[in-house]
Amino acid sequence: MTIPLQIPDSVIAMGVPDRAVQSDAVPWVPQGERVWFKPLRFDLANGRWINILKVTGGGRVNRHRHTGGQVLGYCLQGSWHYLEREWVARPGTFVYEPPGDVHTLVVDDAEEMITLFILDGVVQYLDDEDRVIYQDDVYTKLDRYLTFCRESGIEPVDLRY
Ligand SMILES: [Fe+2]
């Protein structure tokens, strides 16, 4: 049996080509106080988005639940932890969060943290009574990115792939 080494051109023409995204060309989009995200991919077909998160010292991502999808993370710089966990993420730490996980991301160091995250599903931000007060998914993240680019006069990189 002979297996073709390359995807036929006819299939590539109908499918998704490979991409090499230069993150320098993508702005840091404000997400909250002392929190920014730099998107790298909006996978609309699967409800998945990939971004680099930056949180400066003393910043936090408020308590939230990952409904309907897992999270994968890889710490690139600085350190951070979840209030609900014992471990600390440092450069080289790979993180897995199962669907439904609830946590609060905090950065204690004066040094900023930078972490790559791959997210599926919905991020539901919770109040003290566990009521959902806001939620994000691939569409709201894409909208935030495009709105920020428009308001900043930046030509957005098309990250839909
Ligand atoms: Fe999270």
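## Overall picture

Two residues are in contact if their C-beta atoms, placed from the backbone, lie within 7 Å. That idea helps in reading this model, which is predicted. One example is helix α2, residues 138-152. Helix α2 lies across β1, β2 and β3 (48-55). Its direction makes an angle of about 115° with β2.

The chain has two helices and 12 strands. Follow the sequence and the pattern reads α-β-β-β-β-β-β-β-β-β-β-β-β-α. The C-alpha atoms fill a box of roughly 55 × 45 × 30 Å along the principal axes. Of the 161 residues in the chain, 19% are buried. Now take the contacts with a separation of 6 or more. Residues 24 or more positions apart account for 64% of them.

## The sheet with β1 and β8 at its edges

Six strands make up an open sheet. Their order is β1-β2-β3-β10-β5-β8, and the pairing is antiparallel. Which strands stand at the edges? They are β1 and β8 (94-97), and each pairs on one side only. From one strand to the next, the twist averages 30°.

Look next at the β8 end of the order. Strand β5, residues 71-77, pairs with β8 over four bridges. The two strands pair in the antiparallel sense. Within β5 and β8, find G73 and V95: G73 stands opposite V95 in β8.

## The sheet with β7 and β12 at its edges

Another open sheet has six strands in the order β7-β6-β9-β4-β11-β12. Here too the pairing is antiparallel. The edges are β7 (88-89) and β12 (132-136). Each has a single partner strand, so one side of each is left without a neighbour in the sheet.

Inside this order, β4 and β9 sit side by side. Strand β4 covers residues 60-67, and β9 covers residues 102-106. Four bridges join these antiparallel strands. One residue to find is V61, whose bridge partner in β9 is L105.

## A closer look at Y82

Y82 is found in strand β6, residues 80-82. Which residues does Y82 touch, leaving aside its neighbours within four places in sequence? Y82 is in contact with H103, T104 and L105. L105 has appeared already, as the bridge partner of V61.

Is Y82 buried or partly exposed? Count its C-beta neighbours inside 10 Å: there are 19. A buried residue needs 20 or more. Y82 therefore counts as partly exposed.

Y82 and D9 are 73 residues apart along the chain. Their C-alpha atoms are separated by 46 Å.

## Two loop residues with positive phi

R34 lies in the loop between β1 (29-32) and β2 (35-43). Its phi is near 65°, a positive value in a residue other than glycine. How exposed is R34? With 16 other C-beta atoms within 10 Å, R34 is partly exposed.

D130 belongs to the loop between β11 (122-126) and β12. D130 is not a glycine, yet its phi is positive, at about 65°. D130 has 10 C-beta neighbours inside 10 Å, so it counts as exposed.

How values were computed: Residues numbered from 1 in each chain as written. Predicted model: local features only at pLDDT ≥ 70, side-chain atom pairs only at ≥ 80, totals over all residues. Pairing = 2+ DSSP bridges. Buried ≥ 20, exposed ≤ 12 C-beta atoms within 10 Å, placed from the backbone. Axes fitted to C-alpha atoms, helices over the stretch in contact; angles between N-to-C directions.
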